[in-house]
Amino acid sequence: MYCNFLENGSEYAKQAVKEDDAGNYDKAFQLYMNALEYFKIHLKYEKNPQIQQTIRQRCSGYLTRAEEIRAILDNGGSAPTSNGGPALAAEAKVKPKVNTNPKSGEGKDEEDPERAKLRAGLDSVIIREKPNVKWSDVAGLESAKRALREAVVLPVKFPQFFTGKRKPWRAFLLYGPPGTGKSYLAKAVATEADSTFFSISSSDLVSKWMGESEKLVSNLFRMARDTAPSIIFIDEIDSLCGQRGEGNESEASRRIKTELLVQMQGMGNDDEKVLVLAATNTPYALDQAIRRRFDKRIYIPLPDLKARQHMFKVHLGDTPHNLTESDFEHLARKTEGFSGSDISVCVKDVLFQPVRKVQDAKYFMKTSDGMWYPCDRTQKGAVKITLEELDAKGLASKILPLAITRADFDKVLSKHKPTVSKADLEVHERFTKEFGEEG
């Protein structure tokens with residue numbers, strides 16, 4: 001499938017060059033950007049180093065020309081063509097990049113092609129659309145939400161609060177068992193914060209090429225500073241920053257950790273508005289120096305009774321059901337020790353229970369509005385008929401499942417078990433006593 005990304009990118013690039021030569025800069029710019037998007041997706045799947053390098057070189061040239069066109073369009077002018085025209089320059093990758101970042105304040109600075117290539121690779125980690133997860137969607141964790149508001153929302157909305165020695169928190173480590181909502185909390189931050197949000201995993205920063213991984217880290221922080229206020233979220237940070245000196249540690253891993261330490265140390269300047277938010281399931285696996293860089297280390301525990309009750313409501317949403325408040329309390333009590341992920345899986349299973357009843361039903365009842373519902377044979381108005389027979393009669397669109405009941409949940413919960421062990425909890429509780437704080 002990834003071959004299509006390369007073919008589509010090449011086709012867009014050809015069209016972009018054609019429009020560029022014709023002076024149709026609006027169309028050319030959009031086509032260049034479309035080509036870059038397809039090339040970046042292809043790079044995630046391409047395994048051949050030579051092909052990767054070729055694509056990166058092409059992207060660098062196209063990105064350079066796209067930035068120049070954007071500068072031309074912003075200024076309302078036109079660019080002189082020479083040496084075969086601007087499109088040929090894009091193909092040959094001979095023109096320097098014009099930095100038109102409105103937040104950088106350096107509109108005429110030039111950027112070398114190598115940095116442009118690295119920035120193009122990191123551009124895909126910027127979350128441009130809000131995940132639509134609000135603070136209210138996150139059950140419990142009031143201490144963690146309050147601390148993140150202080151670091152993310154208040155400095156942007158009320159900068160006058162942070163004067164003198166009062167500075168917002170600059171680095172958060174969220175740790176806890178798997179499935180407790182660390183990444184979900186990060187999505188809420190991305191939604192609520194009026195900031196550029198970078199979502200990073202180890203695959204975005206690790207490269208086979210000698211020296212490129214640390215350059216990616218350096219450019220990531222430079223991009224974050226250029227687009228400040230911004231947030232860098234590093235999921236599963238332990239995969240990047242394990243204990244130094246371990247036998248299986250590679251040279252590339254040591255260089256990444258060193259560069260990350262340097263960059264996080266450099267974030268203390270008064271004029272920088274970059275927050276680092278990281279999550280891990282194994283906090284003891286983190287390098288000690290990296291751990292010290294996080295001024296807030298917050299434990300994200302298993303949800304309590306009220307949080308579990310809220311989660312059942314959120315995951316059910318507006319799906320038809322007849323559960324009462326006491327039913328939700330019953331479910332919360334019954335799921336002691338469940339993580340947020342465990343509850344999500346259970347509810348997803350429950351959502352299919354009415355569908356299964358429709359498939360297995362031997363009797364249906366027709367309502368006054370012409371809709372058909374599965375029912376018991378003893379129910380008044382029951383008609384002996386199956387789903388397949390109703391479908392054969394052309395009534396597929398008239399069949400509806402019943403509302404979800406408490407019995408559906410009880411049936412599903414009898415088969416589900418919590419995935420977090422007591423030993424896992426003891427490890428995190430011990431880490432909290434030594435280094436962290438309750439969320």
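**Strands, rings and charges: a friendly tour**

In this predicted model, leucine 173 has alanine 278 of strand 7 as its bridge partner.

Reader: Which strand pairs with strand 4, and over how many bridges?
Author: Good place to start, since we have just met one of the bridge partners in strand 7, alanine 278. The pairing runs in the parallel sense, and strand 4 is joined to strand 7 over five bridges.

Reader: Which residue stands opposite serine 230?
Author: Strand 7 also pairs with strand 6, which covers residues 230–234, in the parallel sense over five bridges. Look in strand 7 for the residue opposite serine 230: it is valine 274.

Reader: How many residues of strand 7 are buried?
Author: In a regular strand the side chains alternate between the two faces of the sheet. On one side of strand 7 are Val274, Val276, Ala278 and Thr280, on the other Leu275, Leu277 and Ala279, and all of them are buried. The strand is therefore largely enclosed by the rest of the structure, and the count is seven of the seven.

Reader: What is the angle between the planes of tyrosine 175 and phenylalanine 431?
Author: The structure holds nine aromatic pairs. A pair of aromatic rings is described by the distance of the centres and the angle of the planes. For tyrosine 175 and phenylalanine 431 the centres are 4.8 Å apart and the pair is edge-to-face, with an angle of 75 degrees.

Reader: How far apart in sequence are the parts that this pair of tyrosine 175 and phenylalanine 431 ties together?
Author: Tyrosine 175 is buried, with a relative accessible area of 0%, and phenylalanine 431 is buried with 0% as well. Tyrosine 175 belongs to strand 4 (residues 171–175) and phenylalanine 431 to helix 19 (residues 422–434), so the pair ties together parts separated in sequence by 256 residues.

Reader: Is tyrosine 284 buried or partly exposed?
Author: Tyrosine 284 forms an edge-to-face pair with phenylalanine 431, at 5.1 Å centre to centre and 90 degrees between the planes. This pair links distant parts of the chain, as tyrosine 284 is in the loop between strand 7 and helix 12 while phenylalanine 431 is in helix 19. Because its relative accessibility is 28%, tyrosine 284 counts as partly exposed.

Reader: Which residues do ring pairs link into a cluster?
Author: We have already met a pair of tyrosine 175 and phenylalanine 431, and another of tyrosine 284 and phenylalanine 431. Ring pairs link these residues into a cluster whose members are Tyr175, Tyr284, Tyr299, Phe431 and Phe435.

Reader: How far is the charged end of lysine 296 from the centre of the ring of tryptophan 169?
Author: Rings can have charged company here too: the charged end of arginine 149 sits over the ring of tryptophan 135, 5.1 Å from its centre. Likewise, the charged end of lysine 296 sits over the ring of tryptophan 169, and its distance from the centre is 4.7 Å.

Reader: Which residue meets arginine 65 in a salt bridge?
Author: Side chains of opposite charge can pair when their charged atoms come close. Among the 11 salt bridges of the structure is one with an N to O distance of 2.9 Å, where arginine 65 meets aspartate 20. Arginine 65 lies in helix 3 and aspartate 20 in helix 1, so the pair ties together parts 45 residues apart in sequence. Arginine 65 is buried, and so is its partner, aspartate 20.

Reader: Which residues are linked with Arg406 in a network of salt bridges?
Author: Arginine 406 forms a salt bridge with aspartate 410, with the closest N and O atoms 4.0 Å apart. The two are four residues apart in helix 18, which means that about one helical turn separates arginine 406 and aspartate 410. In the network, Arg406 is linked with Asp327, Lys334 and Asp410.

Reader: What separation do the C-alpha atoms of phenylalanine 409 and valine 347 have?
Author: Phenylalanine 409 also lies in helix 18, and because its relative accessibility is 1%, phenylalanine 409 counts as buried. Leaving aside neighbours within four places in sequence, its contacts include Phe312, Leu316 and Val347. Phenylalanine 409 and valine 347 are 62 residues apart along the chain, and their C-alpha atoms are separated by 7.7 Å.

Methods:
Residues numbered from 1 in each chain as written. Predicted model: local features only at pLDDT ≥ 70, side-chain atom pairs only at ≥ 80, totals over all residues. Heavy atoms only, no water. Buried < 20%, exposed > 50% of the residue type's maximum accessible area, 1.4 Å probe, protein only. Contact = heavy atoms within 4.5 Å. Phe/Tyr/Trp six-rings, centres within 6.5 Å; stacked < 30°, edge-to-face > 60°. Lys NZ or Arg CZ within 6 Å of the ring centre and 35° of its normal. Salt bridge = Lys/Arg side-chain N within 4 Å of Asp/Glu carboxyl O. Pairing = 2+ DSSP bridges.
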